[in-house]
Amino acid sequence: MNKGDLIEAVASELKVSRPEAQKALETVLDCISLGVKRDDKVAIAGFGTFAKKHRGARQGINPATKQPIEIKASTTCTFKPATQMKESL
């Protein structure tokens, strides 16, 4: 399922127009992004937790040249599904 499919599913479930469903979905995703940026974590009961994760600098290998390279430190977002979500799968 991609974003378009998700918008269609929300529109169908809520019986609203596609633009209304798109706005609702984008608002939820924006709020999750802002929450992770601001609070480092967004927990949704029964679904899971989005969290900010810091990765330190490390050595890597360029697969094309096999030469060692320095990979810079970065920040990413992780998702850990809730037990209820795991059990439903």
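The accessible surface of the protein chain amounts to about 7100 Å², and carbon and sulfur atoms account for 57% of that area. This value, like the others in this passage, comes from a predicted model. Of the 89 residues in the chain, 15% are buried. Charged side chains are also part of the picture: 15 are positive and 10 are negative, and the centres of these two sets lie 9 Å apart.

Turning to the overall fold, the protein chain contains 3 helices and 5 strands. Followed along the sequence, these elements come in the order α-α-β-β-β-β-β-α. The radius of gyration is 18 Å, well over the 12 Å that the globule rule gives for 89 residues, so the chain is more spread out than a compact globule. Along the principal axes, the C-alpha atoms fill a box of roughly 55 × 30 × 30 Å. Contacts give another view of the chain: among those between residues at least 6 apart in sequence, 27% join residues at least 24 apart.

Aromatic rings offer a helpful place to look next. Across the whole structure, a search finds 3 aromatic pairs. In one of them, the ring centres of Phe 50 and Phe 79 are 4.8 Å apart and the ring planes meet at 45°; the pair is therefore tilted, an angle of this kind falling between the stacked and edge-to-face classes. This pair links distant parts of the chain, since Phe 50 belongs to strand β2 (residues 48-55) and Phe 79 to strand β5 (residues 74-81), with their positions 29 residues apart in sequence. The two partners fall into separate accessibility classes. Phe 50 has a relative accessibility of 18% and so counts as buried, the limit being under 20%. Phe 79, at 35%, counts as partly exposed. Ring pairs also bring in Phe 47, which forms a cluster with Phe 50 and Phe 79.

Strand β3 (residues 58-61) holds Gln 59. With a relative accessibility of 55%, Gln 59 counts as exposed, because the class begins over 50%. Even so, Gln 59 has contacts beyond its sequence neighbours: leaving aside residues up to four places away in sequence, Gln 59 touches Pro 68, Ile 69 and Glu 70. The C-alpha atoms of Gln 59 and Ala 73 are 11 Å apart in space, with the two residues 14 apart in sequence.

The loop between β3 and β4 contains Lys 66. The phi angle of Lys 66 is near 65°, a positive value in a residue other than glycine. Lys 66 is also exposed, at 60% relative accessibility.

A positive phi is found at Lys 15 as well, where the angle is near 55° and the residue is again other than glycine. Lys 15 sits in the loop between α1 and α2, and its relative accessible area of 72% places Lys 15 among the exposed residues.

Helix α1 (residues 3-14) includes Ser 12. Ser 12 is exposed, with a relative accessible area of 52%. From Ser 12 to Arg 38, the separation is 26 residues in sequence and 32 Å in space, taken from C-alpha to C-alpha.

Technical notes. Residues are numbered from 1 along each chain as its sequence is written. This is a predicted model: local features need pLDDT of at least 70, side-chain atom pairs count only at pLDDT 80 or more; totals for chains, interfaces and linings use all residues. Side-chain values use heavy atoms; hydrogens and water are left out. Helices (H or I, at least four residues) and strands (E, at least two) are DSSP runs, numbered from the N terminus. The radius of gyration is taken over C-alpha atoms; the globule rule is 2.2 Å times the number of residues to the power 0.38. Buried means under 20% relative accessible area, exposed over 50%, partly exposed in between (1.4 Å probe, protein chains only). Contact means heavy atoms within 4.5 Å. Accessible areas come from the Shrake-Rupley method with a 1.4 Å probe; for residues, only the protein chains shown count as cover. Lys and Arg count as positive and Asp and Glu as negative; His and the chain ends are not counted. The place of a charge is taken as NZ of Lys, CZ of Arg, CG of Asp or CD of Glu. Rings of Phe, Tyr and Trp (its six-membered ring) pair if their centres lie within 6.5 Å; planes under 30 degrees apart count as stacked, over 60 as edge-to-face and the rest as tilted.
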